[in-house]
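Student: Got a minute to go through this model with me? I have a few quick things to ask.
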Amino acid sequence: MKTIFSVLFYLKRPKSYQTGPMPIYMRITIDSKRTEITTGRECEPSQWIPSAGRMKGTKETVKSLNNYLDTLRAKIDDAHSAMIKAGDDITAESLKCRFLGKEESPKMLIEIFENHNQKFGKLVGKENSKGTLSRYKISLSHTQRFLKWRFNLSDIPVKKVDHQFITDYDFWLRSERNCGNNSAVKYMRNFKKIITICLDNGWIDRNPFLKYKGKTKRVHRVCLEQDDLNRIAEKNFSSARLEQIRDIFLFSCYTGLAYIDIKNLHREHLTNRYDGEIWIMTNRQKTDIPTRVPLLPQAIELIRKYEYHPKCANTGLLFPVPSNQKVNDYLKEIAELCKIKQTLTFHIARHTFATTITLANDVPIESVSVMLGHASIKTTQEYAKVLNLKLSRDMSALRSKIGS
């Protein structure tokens, strides 16, 4: 890549300068970015030729000074040529370091990634969420494993990250790590943020993601139909732990709240509104967007069921919610006992609320979007799967109108 390179010698006026000689500086400019180096020489302003960057006169002292400046210029040119031959990224600062014999400390990829995660973690609970921090930590781990697999290195200068690096990393995620398309794209987006930090700080001058095209594929959202939901709700479990997980799952089906939002739900989030109904008034942890949900009778009944549970009574929580991993493990057992064919995960409850509980019962999608705490109705549309039952009902209503 061709760079615009120039060198200028000039007099630099010291602070509080009145009269006398001024120090001579050498300014290096590459692609409009500049740095300067003192030459260790001085000159009277009246004897300096600014356009030539030299001292005027024919005396031996003048010739000696100008020869010295010519030597500095030649050394700068030699350093510049050597960097071109070596294929180094040339900046004004890197050329200055090369000229002075100083090695510019390279910015290392993993070091930058770890520093990002450390700063991100300090803002958890303020601007950032634990879930997002966890994803960045996993992305860092993937990057470290990729470096070991591809280069047998624990770290690499960020200037070595090029388009080939990006495509190899994407391939590794899909092949060695066996990530699906959407997971691979999400990890690459996390990595892209680190590269953006490097670009913004001037640590790299080319964007290796420029020609990388990573697009998520639309996912078929799975939800429970009413028959499946009834089967789970009516099932008698011999195990108290399965009954507890079932109830928390059902509460999500009737409110649309995500796992973490139910886990953090306190009595203070319940409000009696002007319509005489009980509402949940909270903010989603993931996005900090307000969620407003008028409670259905089934949801109120589940809250009352756990009102005197020891953990709830002592903490003010509405439900005793175990870890997400345990919840999803128990849901697999519940699915088997209730003869639910599809894989049951907690997030299916949120889809079920959007589809089976609300949209299938003619609740406007705008209202569903508010209750789900979505910033955009487009997000709600991803959840909104039109059921065959509703299609049949809508067409039946249309036939009646046309027939009459």
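Student: How many disulfides does the structure hold?
Tutor: Zero, with a disulfide taken as a pair of cysteine sulfur atoms within 2.5 Å. Keep in mind that this is a predicted model, where local features need pLDDT of at least 70 and side-chain atom pairs count only at pLDDT 80 or more, while totals for chains, interfaces and linings use all residues. Residues are numbered from 1 along each chain as its sequence is written, and side-chain values use heavy atoms, with hydrogens and water left out.

Student: OK, which cysteine sulfur is nearest to that of Cys 312?
Tutor: The one in Cys 253, 19 Å away.

Student: And why is Cys 338 not bonded to Cys 253?
Tutor: Because its sulfur is 12 Å from the one in Cys 253, the closest cysteine sulfur, and that is too far for a bond.

Student: Are Cys 312 and Cys 338 buried or exposed?
Tutor: Cys 312 is buried at 0% relative accessible area, and Cys 338 is buried too, at 2%. Buried means under 20% relative accessible area, exposed over 50% and partly exposed in between, using a 1.4 Å probe and protein chains only.

Student: Switching to helices: which residues of H10 are buried?
Tutor: H10 runs over residues 297-305, and Ala 299, Ile 300, Leu 302 and Ile 303 are buried there. They sit on the same side of H10, because they cover an arc of only 160° around the axis, going by directions from the helix axis to the C-beta atoms. Helices here are DSSP runs of H or I with at least four residues, strands are runs of E with at least two, and both are numbered from the N terminus.

Student: What's on the other side of H10?
Tutor: Pro 297, Glu 301 and Arg 304, which are exposed.

Student: So what covers the buried residues of H10?
Tutor: The cover includes helix H8 (240-255), strand S6 (270-272) and strand S7 (278-283).

Student: New topic, Thr 143. Where does Thr 143 lie?
Tutor: In helix H4, residues 130-151. Thr 143 is buried, with a relative accessible area of 0%.

Student: What is Thr 143 in contact with, leaving aside neighbours within four places in sequence?
Tutor: Leu 109, Ile 110, Phe 113, Tyr 169 and Phe 191. Contact means heavy atoms within 4.5 Å.
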